[in-house]
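Biologist: Could we go through this structure together? I should like to start with one helix and its packing, then turn to other parts.

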Amino acid sequence: QKLYIRPFTLAECKEYIRSRGLEMDDKEIAECYMIMGGIPYYLKNLRRGASLAQNIDEMFFAERGRLDDEFDALYNSLFEKSENYIKIVEALSTKNKGLTREEILQATKLEMNGHFSKLLQNLIDCDFVRCYKGFGNKSRMGIYQLVDPFTLFYYKFINKYGHSDKPFWQHQMGTRQHDTWAGLAFEQLCLNHHQQIEKALGISGIITQVYSWTTPPNADEKAQIDLIIQRADKVINICEMKFYESKYTMKAKDYNDMERRVRIFRESRSICKAIHPVLITTYGLTHNKYSHLFQSVVTLKDLFG
């Protein structure tokens, strides 16, 4: 029989890390998850007494690091003829929001047949890829998105910069490159914990569907929403995700941009239901003249619930 084992959630990562005597706060555990996902084998390699950044350098960027060949070892151990799987995830790593089957075929030069479908399904079954439909998309065409944190981190940094005898990741902390990656990785973390988000919103008992949405290429105004929760009680939650060092403070340009995206979303889909903007962020929201836009705020503490 197949034994299907899901990665740890944030709460389970925290419990495991604490059981090994490592001292990490919730934000560090979240960033750890954003790099290596909820995989106990990776978490086992964290060294006590070292910071998270030091551990990442020692595991992935140092010459002869503890996991310096993990990417090839991972795919070779899971899949026969892993090169075709690697072609697919490499293609998906170039597009944050995913690719259609046709776009994957064009990028990889693989043939459209039953074997290709099996490759995609195996990647989905192993939690490397998710297949979703855009909000309001009535066709059967799905979008395939790379969601494995380690694979995304590999193509963003490890494959690009390689190994060094100097502390690469420690020098990335606080840079624009790090902050851009962290924002996108936090979005993936939220997608992987949508059930915890629904619990924090008090809608666990309501039937929901999770979507992403973007305007079509020929639209006059461009807009994108990465996480939409459509609820059976006739409410739609539009989620804004922000990974911050402190409380998130909404500024005028952010307020105007959020209002613009909600308006375009409502008009483009002719939506008559109530739309509730939700902020998902690290430590909460600073109250000012713009903060009333959000109907609810979900924090990192809720994601550990």
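**Helix packing and one loop residue**

Modeller: The buried residues of helix H13 pack against strand E3 (208-214), strand E4 (224-231), strand E5 (235-242) and strand E6. Helices (H or I, at least four residues) and strands (E, at least two) are DSSP runs, numbered from the N terminus. Buried means under 20% relative accessible area, exposed over 50%, and partly exposed in between (1.4 Å probe, protein chains only). Contact means heavy atoms within 4.5 Å.

Biologist: Is this a predicted model, and how are residues numbered?

Modeller: This is a predicted model, in which local features need pLDDT of at least 70, side-chain atom pairs count only at pLDDT 80 or more, and totals for chains, interfaces and linings use all residues. Residues are numbered from 1 along each chain as its sequence is written, and side-chain values use heavy atoms, with hydrogens and water left out.

Biologist: Which residues of H13 are buried?

Modeller: They are Tyr 255, Met 258, Arg 261, Val 262, Ile 264 and Phe 265.

Biologist: What span should H13 have?

Modeller: H13 (residues 252-269) has 18 residues, so at 1.5 Å a residue it should span 26 Å, and its end C-alpha atoms are 26 Å apart, which agrees. The expected span is 1.5 Å times one less than the number of residues.

Biologist: What follows H13?

Modeller: Ser 270 follows H13, and its phi is positive, near 50 degrees.

Biologist: A new topic: at what angle do H1 and H2 pack?

Modeller: Helix H1 (residues 10-19) and helix H2 (residues 26-36) pack at about 110 degrees, with their axes 10 Å apart. Axes are lines fitted to C-alpha atoms, for helices over the stretch in contact, and angles run from 0 to 180 degrees between N-to-C directions. H1 and H2 are therefore roughly perpendicular to each other; angles under 35 degrees count as roughly parallel, over 145 as roughly antiparallel, 65 to 115 as roughly perpendicular and the rest as oblique.

Biologist: Which residues make that contact?

Modeller: Leu 10, Cys 13, Lys 14 and Ile 17 of H1 meet Asp 26, Ile 29, Ala 30 and Tyr 33 of H2.

Biologist: Finally, where does Asn 288 lie, and is it buried or exposed?

Modeller: Asn 288 lies in the loop between strand E6 (274-281) and strand E7 (296-299). Asn 288 is partly exposed, with a relative accessible area of 29%.

Biologist: What is Asn 288 in contact with?

Modeller: Leaving aside neighbours within four places in sequence, Asn 288 is in contact with Thr 249 and Met 250.
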